[in-house]
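Hi,

Here is the model I promised to pass on. Have a look at it first, and my notes on what turned up follow below.

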Amino acid sequence: MPTRIPDRGLRRAARHRRGGLSGRMASRALLLLMPLLSVGFIGGKTWTVDCKDGFDSKTCGWHEAPCRSVQAALDRAADGDAVDILPGRCTGRGNHEIDFQGKKVLLAGRV
């Protein structure tokens with residue numbers, strides 16, 4: 001049940017706070033996070049996805065041997081890890097209907 005707020009302005013402000021980040025704010029937040037990802041700020045590993053030149057294997061995900069699909073990188077990731085998607089279009093199996101499997105992973109794409 002919603003909290004009763006007598007003033008209409010306060011009600012609108014409360015509704016706005018629940019809405020989350022706008023598209024523009026989310027883009028800016030991601031741009032600020034990208035340098036932190038490259039130095040391992042999160043504390044976990046950073047898994048790399050290159051949908052054009054990568055290859056899904058049991059050892060993929062490192063910068064030198066990136067995965068081809070986002071799902072392959074997420075399968076290897078653990079809580080606190082990051083998945084860095086290199087520029088390009090990711091299509092095909094493993095790049096849609098992604099399952100995080102309950103893991104707390106930062107998924108970030110480059111522009």
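**The sheet**

Val-49 has Ile-85 in strand 2 as its bridge partner. Before going on, a word on how to read this: the model is predicted, so local features need pLDDT of at least 70 and side-chain atom pairs count only at pLDDT 80 or more, while totals for chains, interfaces and linings use all residues. Residues are numbered from 1 along each chain as its sequence is written, and side-chain values use heavy atoms, with hydrogens and water left out.

Elements here are DSSP runs numbered from the N terminus: helices are H or I with at least four residues, strands are E with at least two. Two strands count as paired if DSSP finds at least two bridges between them.

On that basis there is an open sheet of three strands, in the order 1-2-3, with parallel pairing. Strand 1 (46-49) and strand 3 (106-109) are the edges; each has a single partner strand, so one side of each is left without a neighbour in the sheet. From one strand to the next the twist averages 20 degrees (axes are lines fitted to C-alpha atoms, for helices over the stretch in contact, and angles run from 0 to 180 degrees between N-to-C directions).

Strands 1 and 2 run parallel and are joined by four bridges. Besides the Val-49 pair, Thr-48 stands opposite Asp-84 in strand 2. On the other side, strand 2 (residues 82-85) pairs with strand 3 in the parallel sense, again over four bridges. There, Val-83 sits opposite Leu-107, and Ile-85 has Gly-109 as its bridge partner.

Are the faces of strand 2 covered or open? Both are covered: Ala-82 and Asp-84 on one side, and Val-83 and Ile-85 on the other, are all buried. (Buried means under 20% relative accessible area, exposed over 50%, partly exposed in between, with a 1.4 Å probe and protein chains only.)

**The crossover and the core**

Strand 1, helix 3 and strand 2 make a right-handed β-α-β unit. Right-handed here means that, with the strands pointing away from the viewer, the path from the first strand over the helix to the second runs clockwise.

Those elements come back in the largest nonpolar core: strand 1, helix 3 (70-76) and strand 2 are the ones that give two or more residues to it. The core has 13 residues, and Val-49, Ala-73 and Val-83 touch the most other members. (A nonpolar core is a set of buried Ala, Val, Leu, Ile, Met, Phe, Trp, Tyr and Cys residues joined through side-chain atoms within 4.5 Å.) Helix 3 gives the most to this core, with four residues.

Take Ala-73 as a place to start looking. Leaving out residues up to four places away in sequence, Ala-73 touches Trp-47, Val-49, Cys-67 and Val-83, where contact means heavy atoms within 4.5 Å.

**The salt bridge**

The structure holds one salt bridge, defined as a side-chain nitrogen of Lys or Arg within 4 Å of a carboxyl oxygen of Asp or Glu. The partners are Asp-84 and Arg-110, with the closest N and O atoms 2.5 Å apart. The pair links distant parts of the chain, as Asp-84 is in strand 2 and Arg-110 in the segment after strand 3, 26 residues apart. Asp-84 is buried, at 5% relative accessibility, whereas Arg-110 is partly exposed at 40%.

**The loop between strands 2 and 3**

Three residues in this stretch caught my eye. Glu-97 is in the loop between strand 2 and strand 3, and its phi is near 50 degrees, a positive value in a residue other than glycine. Most residues other than glycine have a negative phi. Glu-97 counts as exposed because its relative accessibility is 73%.

Gln-101 lies in the loop between strand 2 and strand 3 too, with a positive phi of about 55 degrees although it is not a glycine. At 41% relative accessibility, Gln-101 is partly exposed.

Lastly, Thr-91 also belongs to the loop between strand 2 and strand 3 and is exposed, at 55%. Thr-91 and Arg-68 are 23 residues apart in sequence and 9.7 Å apart in space, C-alpha to C-alpha.

Cheers
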